[in-house]
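Student: I have a structure open and would like to know what stands behind the labels people attach to it. Could we go through them together?
Tutor: Gladly; let us put it on the screen.

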Amino acid sequence: MLGYKLKTRKYVLKQIGFEAIAARNAWSHDLGQSIAFDAWEHLWKQDDRGRFASYPLRTNGSHYDLAEARTNPKPGHTKWQKHVDLILAGQRRPRAIVPVPRYLSGNARNGAKGMLPLVVEGHAERDGEGQVRLYADKIVQL
């Protein structure tokens with residue numbers, strides 16, 4: 001997703017209606033009608049044209065693992081999992097904002113160098129292995 005001037009997280013969240021101060025450990029944000037997930041650019045599966053196609057919301061692996069959240073609770077991870085539950089229950093619709101990692105390694109601990117000025121509108125589905133993915137239906141440039 002080259003060619004975009006990166007924005008701050010605060011700017012992107014404000015553009016989609018999140019007026020509160022987002023804690024540094026917040027990975028998802030309740031906007032009332034929707035949940036906006038921080039969906040790191042390098043973790044998106046892309047379609048054959050290089051567009052965002054799907055993102056892991058809950059997996060059996062190292063990213064957003066429900067079992068790990070239950071045995072080793074961390075504020076950002078636990079909140080994320082509760083937000084996924086709201087999506088699966090049909091109480092909120094999923095959206096994503098897209099941080100770009102500071103370094104090519106993609107380690108979130110190294111932080112983001114900024115956010116892409118877009119919002120991914122989509123829907124969530126559970127696959128045959130019980131994993132939950134956010135599928136992109138529309139990408140809106142801010």
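Student: Which residues have the most contacts inside the largest nonpolar core?
Tutor: Keep in mind that this is a predicted model. The largest nonpolar core has 20 residues, and those with the most contacts inside it are Phe37, Trp44, Phe52, Tyr55, Leu57 and Val98. Two or more residues each come from strand S2 (34-38), strand S4 (52-58), helix H3 (75-88), strand S5 (93-101), S6 and strand S7 (132-141). Apart from this core lies another, of 8 residues, with Leu13, Ile97, Met115 and Val119 among them.

Student: What does phenylalanine 37 touch, leaving out residues up to four places away in sequence?
Tutor: With those left out, phenylalanine 37 touches Trp27, Ser28, Leu57, Trp80, His83, Val84, Ile87, Pro94, Arg95, Ala96 and Ile97.

Student: His83 is on that list. Why is histidine 83 called buried?
Tutor: Its relative accessible area is 7%, and buried means under 20%, so histidine 83 qualifies. Histidine 83 lies in helix H3. Not counting residues up to four places away in sequence, histidine 83 touches Ser28, His29, Asp30, Ile35 and Phe37. Histidine 83 and threonine 71, by contrast, are 12 residues apart in sequence and 18 Å apart in space, C-alpha to C-alpha.

Student: Let us turn to charges. What makes aspartate 38 and arginine 9 a salt bridge?
Tutor: Their closest N and O atoms are 3.3 Å apart. The cut-off is 4 Å between a side-chain nitrogen of Lys or Arg and a carboxyl oxygen of Asp or Glu, so the pair counts as a salt bridge. The structure holds 6 salt bridges. This pair links distant parts of the chain, with aspartate 38 in strand S2 and arginine 9 in helix H1 (residues 9-15), 29 residues apart.

Student: Is aspartate 38 buried or exposed, and what about arginine 9?
Tutor: At 8% relative accessibility, aspartate 38 counts as buried. Arginine 9 is at 22%; partly exposed runs between 20% and 50%, so arginine 9 is called partly exposed.

Student: How do you know that arginine 92 and aspartate 30 tie together separate parts of the chain?
Tutor: Arginine 92 forms a salt bridge with aspartate 30, the closest N and O atoms being 3.0 Å apart. Arginine 92 lies in the loop between H3 and S5 and aspartate 30 in strand S1 (residues 28-30), so the pair joins parts that are 62 residues apart in sequence. Arginine 92, at 22% relative accessibility, counts as partly exposed, and aspartate 30, at 31%, is partly exposed too.

Student: Why is glutamate 121 called buried?
Tutor: Its relative accessibility is 16%, and buried means under 20%, so the label fits glutamate 121. Glutamate 121 is found in strand S6 (residues 112-126).

Student: Which residues share a salt-bridge network with Glu121?
Tutor: Arg93, Arg95 and Glu121 are linked in a network of salt bridges. The side chains of arginine 93 and glutamate 121 meet at 2.9 Å, N to O. Arginine 93 lies in strand S5 and glutamate 121 in strand S6, so this pair ties together parts that are 28 residues apart in sequence. Arginine 93 is partly exposed, with a relative accessible area of 39%.

Student: What makes the glutamate 121 and arginine 95 side chains a polar contact?
Tutor: The two side chains are 3.1 Å apart at this contact, and the limit for a pair of N or O atoms is 3.5 Å, so the pair is within the cut-off.

Key. Residues are numbered from 1 along each chain as its sequence is written. This is a predicted model: local features need pLDDT of at least 70, side-chain atom pairs count only at pLDDT 80 or more; totals for chains, interfaces and linings use all residues. Side-chain values use heavy atoms; hydrogens and water are left out. Helices (H or I, at least four residues) and strands (E, at least two) are DSSP runs, numbered from the N terminus. Buried means under 20% relative accessible area, exposed over 50%, partly exposed in between (1.4 Å probe, protein chains only). A polar contact is a pair of N or O atoms within 3.5 Å; within protein, one must be able to donate a hydrogen and the other to accept it, and residues adjacent in sequence count only if both atoms are side-chain atoms. A nonpolar core is a set of buried Ala, Val, Leu, Ile, Met, Phe, Trp, Tyr and Cys residues joined through side-chain atoms within 4.5 Å. Contact means heavy atoms within 4.5 Å.
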